[in-house]
Amino acid sequence: MGVDLNFWKVQDGFDLDSAAVYQTACCDHENVEGLEALPIEEILKETAAVFQDWNAIDLWNYEKTDGQGSFQITTMPQTVWFDCYAMERADMKRFSSMMSKFECPLYDPQQGVRFDKMVIFLIDEAGEYQVQVEQELSRLLPRLEVTTQMLTWEEYVQRSKECRNIHYNAVIHRAKTVTKVTSFMQFGNAWANRPCQCKTAQLADEGEARRILEELLLKSIGRVVDDFLERSYYA
């Protein structure tokens, strides 16, 4: 079964629906207002350089030297996509990294999401750690444009349904004996969820509580990002 990985660049000032762009530009082969024309020749040269260890049948078709995987390139003036067959995930991640040089984030139609923006939802007490969360996520995922909202759980449930982008949420739940700090990421139809916990009794001192909760939050972020990278073709 093949995997289809798609790339385009949106002009400044445009906010386009990625699923609609995919359908119109990649599936119907029509131009879309708000997309940049791409340097196709440069992209083909870069592909040849990145996959120099593969057999290039021609400019648009490549096979791995051991026969374990192949891909085909299709280009239009505004879009480039790679049809991948029996390829290892690590090899498919090369496309995301390579196309970032041309300011073209990955759109994955299998997951139904473009890897360009992330909304951070900090729920209730987690909002006190806005700076730490933003810094850690920006460090781990530097190519994602980040915006942050602080809200209640009820508000999150509603806004997350309306969010078309990748989103992350953090929740701190204090129970009588155990406190959980949970990081959750939704990326299209895929998701990852990573809780960390401590004994609630450890949080009796306010200063120590902030240190412990921040440590747990950063640990949960690292784990959920690892899952995100493992389950996607983003690199």
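# A guided tour, starting at Arg210

Begin by selecting Arg210 and Tyr129: Arg210 lies over the face of Tyr129, at 4.7 Å from the ring centre. Keep in mind as you go that this is a predicted model.

**Stop 1: the whole chain**

Now zoom out and show the chain as a cartoon. You should find six helices and 12 strands. Along its principal axes, the C-alpha trace spans about 65 × 40 × 25 Å. Of the 235 residues in the chain, 45% are buried.

Next, turn on the contacts. Taking those with a separation of 6 or more, 63% join residues that are 24 or more positions apart. Switch to a surface view and you are looking at about 12,000 Å² of accessible surface, with 47% of that area belonging to carbon and sulfur atoms. If you colour by charge, there are 24 positive and 38 negative charges to pick out, and the mean positions of the two sets are 8 Å apart.

**Stop 2: aromatic pairs**

Hide the surface and show the side chains of Phe, Tyr and Trp. The structure holds 19 aromatic pairs. Select Trp8 and Tyr107 to see one of them: the ring centres are 5.3 Å apart and the planes meet at 35°, so this pair counts as tilted. The two partners come from distant parts of the chain, 99 residues apart. Trp8 belongs to the loop between strand S1 (2-7) and helix H1 (18-27), while Tyr107 is in strand S6 (residues 106-108). Both Trp8 and Tyr107 are buried.

Move on to Phe228 and Tyr234. Here is another tilted pair, with 5.8 Å from centre to centre and 45° between the planes. Phe228 and Tyr234 are both buried as well.

**Stop 3: a cluster of rings**

Select Phe7, Phe51, Trp54, Tyr62, Phe71, Phe82 and Phe95 together. Ring pairs link these residues into a cluster. While Phe51 is on screen, add Arg94: Arg94 lies over the face of the Phe51 ring, 4.7 Å from its centre.

Stay with the cluster and centre the view on Tyr62, which is in strand S3 (residues 61-64). Is Tyr62 buried or exposed? Its relative accessible area is 2%, so Tyr62 is buried. Show what surrounds this residue: apart from neighbours within four places in sequence, Tyr62 is in contact with ten residues you can select by name, namely Leu44, Thr47, Ala48, Phe51, Trp54, Asn55, Ala56, Ser70, Phe71 and Ile73. For a longer view, draw a line from Tyr62 to Ile120. These residues are 58 residues apart along the chain, and 38 Å separates their C-alpha atoms.

**Stop 4: two loops with a positive phi**

Select Glu103, in the loop between helix H3 (89-100) and S6. Although Glu103 is not a glycine, its phi is positive, at about 60°. With a relative accessibility of 53%, Glu103 counts as exposed.

Then jump to Asp124, in the loop between strand S8 (117-123) and helix H4 (130-140). Asp124 is not a glycine either, yet it has a positive phi of about 50°. At 52% relative accessibility, Asp124 counts as exposed.

**Stop 5: Glu33**

Follow the chain to the loop between H1 and helix H2 (40-50), where you will find Glu33. This residue is exposed, with a relative accessible area of 66%. Which residues does Glu33 touch, not counting those up to four places away in sequence? Select Phe14 and Leu16 to see them. Now add Gln78, which is 45 residues from Glu33 in sequence; in space, the two are 9.9 Å apart, C-alpha to C-alpha.

**Stop 6: Glu136**

Finish in helix H4, where Glu136 has its place. Is Glu136 buried or exposed? Its relative accessibility is 15%, so Glu136 counts as buried. Show Leu218 and Ile221 next to it: these are in contact with Glu136 when neighbours within four places in sequence are left aside. For one last distance, select Thr179. Glu136 and Thr179 are 43 residues apart in sequence, and their C-alpha atoms are 21 Å apart in space.

Note on methods:
Residues are numbered from 1 along each chain as its sequence is written. This is a predicted model: local features need pLDDT of at least 70, side-chain atom pairs count only at pLDDT 80 or more; totals for chains, interfaces and linings use all residues. Side-chain values use heavy atoms; hydrogens and water are left out. Helices (H or I, at least four residues) and strands (E, at least two) are DSSP runs, numbered from the N terminus. Buried means under 20% relative accessible area, exposed over 50%, partly exposed in between (1.4 Å probe, protein chains only). Contact means heavy atoms within 4.5 Å. Accessible areas come from the Shrake-Rupley method with a 1.4 Å probe; for residues, only the protein chains shown count as cover. Lys and Arg count as positive and Asp and Glu as negative; His and the chain ends are not counted. The place of a charge is taken as NZ of Lys, CZ of Arg, CG of Asp or CD of Glu. Rings of Phe, Tyr and Trp (its six-membered ring) pair if their centres lie within 6.5 Å; planes under 30 degrees apart count as stacked, over 60 as edge-to-face and the rest as tilted. A charge sits over a ring if NZ of Lys or CZ of Arg is within 6 Å of the ring centre and within 35 degrees of the ring normal.
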